[in-house]
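Visitor: I am new here and would love a tour. Could you show me the molecule before we talk about its parts?

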Amino acid sequence: MCSSDLRKDHYIIGYWLGVEFRGHGVAQEAVKSVLGQLDHRPVLADTLTSNPKSSKLLEKLGFVLERTNSTNNFYRLVKTGVDKE
């Protein structure tokens, strides 16, 4: 599952996959699809610090780490022109 939530001036995206679907590019394609439907507003996402694969996925899609706390990594999309395929 991948979803976006429009806040006042930015989007927040989130995703979750069952264990059997992980590692097959499903999340990457789902996030790319959602990003391709959003307008120019900033896009934010966060991952658990205990989930480095999710952080790697966001970074691969153009997100940069903005801050970290004891449980989460917080990202902002900086890459423009995400593939809409």
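Visitor: In which helix does S55 lie?

Guide: Happy to start there, with one word of caution: this is a predicted model. The protein chain has two helices and five strands. Of these, the helix that holds S55 is α2.

Visitor: Is S55 buried or exposed?

Guide: A residue counts as buried when its relative accessible area is under 20%. For S55 that area is 7%. With this value, S55 is buried.

Visitor: Which residues is S55 in contact with, leaving aside its neighbours within four places in sequence?

Guide: Here we look past the nearby stretch of the chain and ask what else S55 meets. S55 lies in α2, and what covers the buried residues of α2 includes β3 and β5. Strand β3 spans 43-48 and β5 spans 72-77. The contacts of S55 are T47, N73 and Y75.

Visitor: Which residues of α2 are buried, and where on the helix are they?

Guide: Four names belong on this list: S54, S55, L57 and L58. Around the helix axis they cover an arc of only 155°. That arc puts these buried residues on the same side of α2.

Visitor: Which residues are exposed on the other side of α2?

Guide: Exposed means over 50% relative accessible area. Turn α2 away from its buried residues, which include L57 and L58, and you reach the other side. The exposed residues there are P52, K53, K56 and K60.

Visitor: Which residue takes a positive phi just after α2?

Guide: Helix α2 runs over 52-60, and β4 covers 63-68. Just after the helix comes a residue with a positive phi of about 105°. That residue is G62.

Visitor: Which element supplies the largest share of the largest nonpolar core?

Guide: This core has 16 residues, and I13, V31, L35, L38, V43, L58 and F63 touch the most other members. At least two residues each come from β2, α1, β3, α2 and β5. The largest share, four residues, comes from α1.

Visitor: What do nonpolar side chains tend to do in soluble globular proteins?

Guide: Here is some general background. In soluble globular proteins, such side chains tend to be buried together. In this protein chain of 85 residues, the share that counts as buried is 34%.

Visitor: Which residue meets K32 in a salt bridge?

Guide: The partner lies in α1 like K32, three residues apart, about one turn of the helix. In general, residues three or four places apart on an α-helix point the same way, because there are 3.6 residues a turn. K32 is buried at 11%, while its partner counts as partly exposed at 41%. With 3.7 Å from N to O, the partner is E29.

Visitor: How far apart are the closest N and O atoms of D39 and R41?

Guide: A salt bridge needs the side-chain nitrogen within 4 Å of a carboxyl oxygen. D39 counts as partly exposed at 33%, and R41 counts as partly exposed at 28%. The two form a salt bridge, and their closest N and O atoms are apart by 2.6 Å.

Visitor: Which strands does the salt bridge between E66 and R76 tie together?

Guide: The side chains of E66 and R76 meet at 2.8 Å, N to O. Their positions are ten residues apart in sequence, so the pair ties together separate parts of the chain. E66 is in one strand and R76 in another: β4 and β5.

Visitor: Which residue lies over the face of F74?

Guide: The structure holds zero aromatic pairs, so let us turn to a charge over a ring. The charged residue sits at 4.0 Å from the ring centre of F74. Its name is R67.

Visitor: How far apart in space are K8 and R41?

Guide: K8 has its place in the loop between β1 and β2, and at 81% relative accessibility K8 counts as exposed. In sequence, K8 and R41 are 33 residues apart. In space, C-alpha to C-alpha, the value is 9.7 Å.

Visitor: What pattern does the protein chain follow along the sequence?

Guide: The pieces are two helices and five strands. Among contacts between residues at least 6 apart in sequence, 50% join residues at least 24 apart. Read along the sequence, the pattern is β-β-α-β-α-β-β.

Technical notes: Residues numbered from 1 in each chain as written. Predicted model: local features only at pLDDT ≥ 70, side-chain atom pairs only at ≥ 80, totals over all residues. Heavy atoms only, no water. Core = buried A, V, L, I, M, F, W, Y, C linked by side-chain atoms within 4.5 Å. Buried < 20%, exposed > 50% of the residue type's maximum accessible area, 1.4 Å probe, protein only. Arc of directions from axis to C-beta. Contact = heavy atoms within 4.5 Å. Phe/Tyr/Trp six-rings, centres within 6.5 Å; stacked < 30°, edge-to-face > 60°. Lys NZ or Arg CZ within 6 Å of the ring centre and 35° of its normal.
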